[in-house]
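Here are my notes on the structure you asked about, set out as numbered points. Please keep the structure open beside you and find each residue as it is named.

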Amino acid sequence: MRQLKQCQAHMTRTGLMAHTFPASRVLAFCALSDAGDVTYARSLFAQVENPNTYMWNTMIRGYSKARMPSSGLIFFCRMISGRVEVDGRSFVFALKACEKFEGVVVGKFIHCRIWKMGFDGDLLVRNGLIHFYSIFSCLDLARRVFDESPVRDVFTWTSMIDGYAAHGCPNEALQLLDLMLSGDVKPNEVTMIAALSGCSQKKDLNLGRKLHELIRKENVFDSMKSRDVFSMTSMVNGYAKFGELENARMLFDKMPEKNVVSWSAMIAGYSQNGQPKEALEVFVNMREAGLIPVENTLVCVLSACGQLGCLEVGCWIHNEYILSKKIQFSVILGNALIDMYAKCGCIDAAAAVFEKMTEKDLVSWNSMITGFAAHGHAEEALELFHHLESTGFRPDKVTFLGVLSACSHAGLLSDGQEYFKDMEREFGIAPQIEHYACMVDLYGRNGLLKEAYELITTMPMVPNEATWGALLSACRTYGNVKLGRAVADKLLELNPEDSGIYSLMASIFARGKEWSNMRMVKSMMRERSVRKTPGHSLIEVEGKFHEFLAADGSYLQSEEICLILNHISLLSSW
């Protein structure tokens, strides 16, 4: 601003400020530049004898940018009352100012003025109206403006598609995209980002792949005039949500500039699609690039730590960012820490985080109940469930999954039966297949194989692998060969490639001393080219992961490890 004032002084002395164009350039810098000053712009505006439409629009736009929408609208009203000539941009900037208010009322006033002054046919104004109504979830009004538009450009279509996608109407968004593709207007990258968002809401992978093919066919990404961070990050996020991680990574690597949102999108993509190792690698690269993670980044990284059992990195994040207060502790971060510690085997640490949380949501309670259940602490899980009820939270299907799992691990048959009945009787929650699987496991652990089988055959949905698998495991435990054979047949119908089913069958026949049947199972595996999945283990050493497969000597330090193990074995035998 100091340099601008010097330039302005020179222009005043030479008489340039008396001319409209140079004066408007100075005004635009003051009102719109990040280094400008809208208050100073107003004093400049007051000195102009007959400001033109561009200057008035600049002031409206400047106040909106400076988060002073009321002042911007005052300028707009002065234009109208002073009969200053307005153009389409005057209304668009006024609508932008209206977006800063809580309600839609002022915007509707602007819409009325648009009609009265004959700007309802202006394409730029119509696009502004569609965007404004979409921002406030007034999709019916936005669609009415859209349908009444005699001419539509790519911004018209994109604003409406994005409005639908942003407010949870994926079907309408994708139907409109189909209509757009059947016409002469071609989508741009923003259109496809909105469509990908709608597609991810529907969780329709086939449709997502069609969109990806369309993007490649139309060269949407390659034709982007400006590969800005926002557009490319949105594309990365869209691909990642569909599990198309190769495409997501390709775009991510091509980005000339990445911000923390870009890195977080890639980390989330890997973490949420079962590739936690890659998620942590990207996180390490992000830190090396000098970027500071935000809450969403840490939540995804902690999830990856939980999936891998990577306690060392999880603890480091807890200390480095949360306990040091570099990032404000929140309910979401607390929930992520509980989940990470529970999955890494540190249930006491998870409980400590839970107890220290001054604010909790239902996810907090569910995470802790599920954690206790997974560690066999049934008493603590059930006690927490009763405490949850007294706090005013209403349990959901996830809560009951944790409760039934706790009962199953502890063999609490009568308690489990009561909780299962209470789901629908007391809370109106219809049991889902996961809840039935818990009950089958509970019956199986108590040796009630007949009751477990009856529950499966009478449940209101088609049994899945987990349900039959729980019963097959119980058949092996209690040596029920006849039922085990029938259950195994059901499982092989669902997944004939699962080596675990054949292993359980062979084990059941071996316990029943049915050697011929056991050989028959092994023969079936050979005929169907089914190979037993080798056992593997994963250990973490100094933040790096090392995976070992059974009978695999390809690991670089296999010989040294075997020597050390033999030495330990000799020492322990003394």
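1. Begin with L471, which, once residues up to four places away in sequence are set aside, touches V440, L449, A452, Y453, I456, L483 and V487. The coordinates come from a predicted model, so please read every contact and volume in this note as computed from that prediction.

2. L471 also has a place in a wider picture, since the largest nonpolar core has 176 residues, and L471, together with I110 and L211, touches the most other members of that core. When you look for these three residues, it may help to show the side chains, because membership of such a core rests on buried residues joined through side-chain atoms within 4.5 Å.

3. What is the volume of the largest pocket, and which residues are the closest to its centre? The volume is about 1,200 Å³, and of the 49 residues that line this pocket, H131, T158, D162, V190 and F230 are the closest to its centre.

4. Several helices share in this lining, for the elements that give two or more residues to it are α6 (88-98), α8 (123-135), α10 (154-166), α12 (189-202), α14 (229-241) and α16 (260-272). Among these, α14 gives the most, with eight residues. Sorted by class, the lining of the largest pocket holds 19 nonpolar, 21 polar and nine charged residues.

5. Turn next to S264, which lies in helix α16. Is S264 buried or exposed? S264 has a relative accessible area of 3%, and because buried means under 20%, this residue counts as buried. A polar atom of the S264 side chain lies 2.8 Å from the backbone oxygen of V260, and, leaving out residues up to four places away in sequence, S264 touches V294, N296 and T297.

6. The closed spaces deserve a separate look, and the count comes to one cavity of 30 Å³ or more. The largest cavity has a volume of about 40 Å³, and the residues that line it are M17, A23, L27, L44, F45, V48 and M55. Helices α2 (20-32) and α3 (38-47) each supply at least two residues of this lining.

7. How do the residues that line the largest cavity divide into nonpolar, polar and charged? Seven are nonpolar, with no polar and no charged residues in the lining of this cavity, whereas the lining of the largest pocket includes 21 polar and nine charged residues.

Key
Residues numbered from 1 in each chain as written. Predicted model: local features only at pLDDT ≥ 70, side-chain atom pairs only at ≥ 80, totals over all residues. Heavy atoms only, no water. 1 Å grid on protein atoms, 1.4 Å probe; cavity = no way out; pocket = protein on both sides within 12 Å on 5 of 7 lines; lining within 4 Å. Points joined across faces, edges and corners; volume = space filled by probe spheres on them. Helix = DSSP H or I, 4+ residues; strand = E, 2+ residues; numbered from the N terminus. Nonpolar A, V, L, I, M, F, W, Y, C, P; charged D, E, K, R; others polar. Buried < 20%, exposed > 50% of the residue type's maximum accessible area, 1.4 Å probe, protein only. Polar contact = N/O pair within 3.5 Å; in protein donor to acceptor, adjacent residues only side chain to side chain. Contact = heavy atoms within 4.5 Å.
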